[in-house]
Amino acid sequence: MAERRTQSAKATTQTDERVEEVVRFLQEVSQCRDSDATKKCFAQHARSQFPDIGKAAITVHPYFQCCSDKFEEVDGFYCIKSCQESDKRGDAAHLQVFMTFRLFNDRLERNKEPAMFLMLGIHSDNILAWLRQDTDVCKVTGRKEIQQNIEQVRRFVRILGLQNRRNAPDLIALHRDRIVFVEVKSVGLATTPTPKDIDDAIIKAEKQLNEGVQLFQEIMNTQEKCHVVKVIALPGVASKVLCTRPLSKDVTFLCQDHLLKFDIQVPEAETDLSAFRQWWGNLLYTNVDSQFLQEIVGKYVGLLSTPVIIRDGNVAHLDRHPKDGISQIQRRFQRRILTQEQKKALEQFKDKSRVYLKGPGGSGKTLILIIMAREFLKRPDNHVIVVNMNRGAKGLCIGKYVFEQIKVQVKDQVKGHDRRVYEICIDIGHHNYRENFVSDVCKALPEKTDMKKALFIADEVHVHIFWSDIMKTFQNDFKESTLLCAGFFSEKPETFDELCLKVVTRCPPAVQHLLYSVDWKEDRRSCYAPGFTWQTEILLNGPLPLCIRHKDHQTGGTVLECEQCAQELAQVLKELTPDIFSRRPSSAPPAKGHDLHSSTSAALLVNIPRDVYRDNGNFPQYKDISKEKYEEHMKKIGRCPFVWNLRQNNINVTVDEELGSRNLDTDKRGVLTTWVYNFLGLECGVVIFLPGDFPSRPAAEVDVSKQTTERVRDIPAPGVNPRKDAASGRNQMTPPFEVTQRLEETSETGDKEAASGGRRGGEGSEVGEREGREKVCLPELHWRRDDLARYSDWDKTNMVLAGSRCLSQLILLVP
């Protein structure tokens with residue numbers, strides 16, 4: 001742990017592929033003979049980095065990164081989040097303006113209109129940074145001759161204006177019709193502003209805009225003045241307030257009534273942007289040369305505009321494409337962060353003997369259990385027992401994760417601490433599991449252990465009826481011990497104190513927005529991020545959930561029989577998460593307070609069809625699946641046309657059929673496919689949800705307005721029923737005969753192909769043709785209400801489980 005902290009504090013100074021690219025570009029520019037050739041070189045480089053400038057909706061940085069978050073590291077393990085309210089208001093204002101531009105830009109691409117190139121939060125000390133940081137450049141590259149190239153480039157590229165200036169405009173919008181600089185002010189967000197408050201904000205913003213335009217003219221080295229539309233965005237002020245004030249004619253105002261109004265009931269793709277479109281259309285029109293736009297991109301966010309030395313604090317400035325942003329968002333939500341309220345709750349409950357943690361998925365229940373166990377083990381002779389319960393198998397993967405995390409985190413505290421952590425795996429489907437549990441605990445603990453010094457931890461416990469016997473065991477055999485438990489489906493047992501976690505901190509708000517629409521519990525729905533209000537705990541949105549729509553493919557059957565679904569998903573994965581399929585190392589050092597994964601991990605979470613289940617005896621709301629049916633279904637998934645075609649598209653798909661406590665590795669490159677219940681409590685950068693049911697009605701008959709979350713949902717019982725299921729459920733995913741025959745013909749080589757990431761398509765091959773197809777339009781895939789209406793309630797229930805495990809990008813396969 002100490003070694004990891006040391007590494008994270010150091011700057012990355014090794015020569016990597018990024019540095020090599022910068023060196024090659026400097027050599028190329030240094031060979032230019034005049035300023036026109038230099039301009040063309042920057043434009044050409046921008047086209048190679050962003051080939052769809054003007055056509056696709058491009059944003060750099062891809063996703064909003066809040067500046068208000070301050071983290072205080074505690075004991076070298078986790079961080080406490082704290083920030084000033086003024087900073088949070090500023091972030092909320094920036095987020096609302098950014099999302100308005102971003103969603104409008106997505107609409108332009110979706111409607112095949114000329115799109116914008118948006119630049120957000122670009123620091124001028126990064127613009128052409130490689131032409132200024134002489135000492136650092138030599139240190140990073142290890143090449144003194146690079147100075148000659150720098151001097152050559154400086155003949156034609158102005159950098160004087162970059163000295164001693166930090167911020168470029170808050171947002172720059174490049175469009176073929178105009179260049180727009182935006183400064184955002186949060187005045188009026190918290191309280192009704194006075195005329196002086198508004199005037200002061202406008203004066204400050206106008207000064208910053210003028211400086212930004214002057215800097216722009218110097219960097220671009222234009223012979224004549226290029227007109228820039230200067231905009232002051234005031235999300236907290238209505239336009240009618242400004243009508244009564246003397247204002248500069250040189251500035252345009254973007255006010256509260258022009259911006260999007262966030263509604264948690266409405267997906268971002270369906271938000272009303274008519275007021276903003278009208279405002280945009282009224283801006284001054286100036287025809288901008290395409291090469292000039294490309295040159296701006298090349299100088300502001302090209303290779304020479306990335307930080308020379310990469311440290312923890314400036315990693316976000318490496319982000320250029322959605323794939324970079326997805327990795328960055330994943331790293332942000334992997335951090336072990338507690339809010340101030342959670343820290344107070346820890347203090348309040350640290351001496352309680354029976355504590356139940358309540359909260360939706362992603363609210364930090366597992367993290368708090370680990371922290372409380374860590375603190376408990378600081379006391380002499382204390383012991384921690386991780387109670388890992390499942391049915392039909394010994395334990396869950398989350399139990400193994402909690403056990404190993406506690407061992408790792410206490411190993412460096414005091415020598416031997418990790419030897420006082422135990423994992424007891426229980427199969428509650430076994431007839432004498434209670435006696436086995438008591439026996440295993442007695443064997444694990446040293447003889448004559450004082451049970452007052454024993455802490456039992458149970459994560460992801462199910463409803464009380466499935467573990468009531470274990471509760472009785474605690475009351476009778478271990479009544480003096482401490483018990484901490486948490487779970488998604490469970491409720492607080494009697495005699496327990498309840499610690500309520502009311503903020504989802506480990507899941508992006510864009511995903512929380514979708515979960516609000518499919519969750520059926522009001523107490524959980526109230527915990528999801530409410531939008532752009534500055535009172536919220538999380539002020540960054542993350543990537544919008546995407547939908548692969550099977551209904552558009554006209555192939556019939558289910559997603560698992562659809563070749564087009566597999567091809568479209570493969571396209572999306574290769575565009576958004578190419579690091580899953582490559583070995584390129586990351587330039588970014590690990591940040592404090594989290595374990596950095598080397599790649600963006602992906603998990604395909606499978607929901608088993610409802611009609612494969614049966615009612616659970618006296619509790620018909622809880623649905624049982626036999627072990628036999630589970631194994632049969634997962635084996636067929638491994639050989640279904642959908643998975644087969646993913647592999648044919650060079651996606652390495654690993655199908656996990658095992659049950660029980662184990663390390664479920666999501667860090668491998670490729671897509672891990674597993675049952676959603678196996679994944680309870682775990683987390684993954686990219687989560688793909690695979691539904692089990694057919695849509696209940698044709699899309700044309702679905703009335704979205706009548707969808708409700710108040711109805712009682714069927715709930716999957718824990719694990720699998722070890723008894724054989726005599727009932728034969730209808731199998732919805734039997735492949736067509738010709739596909740089955742093809743799978744059988746390739747069965748001997750299938751495992752080898754899966755291990756190597758699938759076949760490689762040569763020139764002219766079917767796979768090669770697929771990879772050469774037109775790039776996918778991501779805005780067309782953003783989720784909508786009619787997408788959710790196609791899912792059965794059974795699928796929606798399990799979608800909540802799957803979505804809450806997502807750290808960055810959620811992808812839905814829509815039936």
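This passage walks through the cores, strands, cavities and unusual backbone spots of one protein structure. The model is predicted, so local features need pLDDT of at least 70 and side-chain atom pairs count only at pLDDT 80 or more, while totals for chains, interfaces and linings use all residues. Residues are numbered from 1 along each chain as its sequence is written, and side-chain values use heavy atoms, with hydrogens and water left out.

A good place to begin is the interior. The largest nonpolar core (buried Ala, Val, Leu, Ile, Met, Phe, Trp, Tyr and Cys residues joined through side-chain atoms within 4.5 Å) has 184 residues. Here, buried means under 20% relative accessible area, with a 1.4 Å probe and protein chains only. Helix H4 (residues 85-110) gives the most to this core, nine residues; helices are DSSP runs of H or I with at least four residues, and strands are runs of E with at least two. Phe 101 is among the residues with the most contacts inside the core. Its contacts (heavy atoms within 4.5 Å) include Met 116, Leu 118, Trp 279 and Trp 280, leaving aside residues up to four places away in sequence. A second, separate core of 65 residues includes Ile 150 and Met 220.

Next come the strands, which pair if DSSP finds at least two bridges between them. Strand E16 (residues 546-549) joins strand E24 (residues 806-814) in the parallel sense over four bridges, and Ile 548 has Leu 813 as its bridge partner in E24. Leu 546 and Ile 548 point one way from E16, Cys 547 and Arg 549 the other way, and all are buried. In general, side chains in a regular strand alternate between the two faces of the sheet.

The structure also holds eleven cavities of 30 Å³ or more. A cavity is a set of points on a 1 Å grid over the protein atoms alone where a 1.4 Å probe fits but cannot get out, and lining residues have an atom within 4 Å of a point. The largest cavity has about 80 Å³ of space, a volume being the space filled by probe spheres set on the points. Glu 460, His 462 and Trp 467 are among the residues that line the largest cavity.

Glu 460 also has an unusual backbone: its phi is near 55 degrees, a positive value in a residue other than glycine. At 11% relative accessibility, Glu 460 counts as buried. Asn 650 likewise has a positive phi, near 65 degrees. Finally, the peptide bond from Val 60 to His 61 is cis. Most residues other than glycine have a negative phi, and most peptide bonds are trans.

Terms used. Buried means under 20% relative accessible area, exposed over 50%, partly exposed in between (1.4 Å probe, protein chains only). On a 1 Å grid over the protein atoms alone, a cavity is a set of points where a 1.4 Å probe fits but cannot get out, and a pocket is an open set with protein on both sides within 12 Å along at least five of seven lines; lining residues have an atom within 4 Å of a point.
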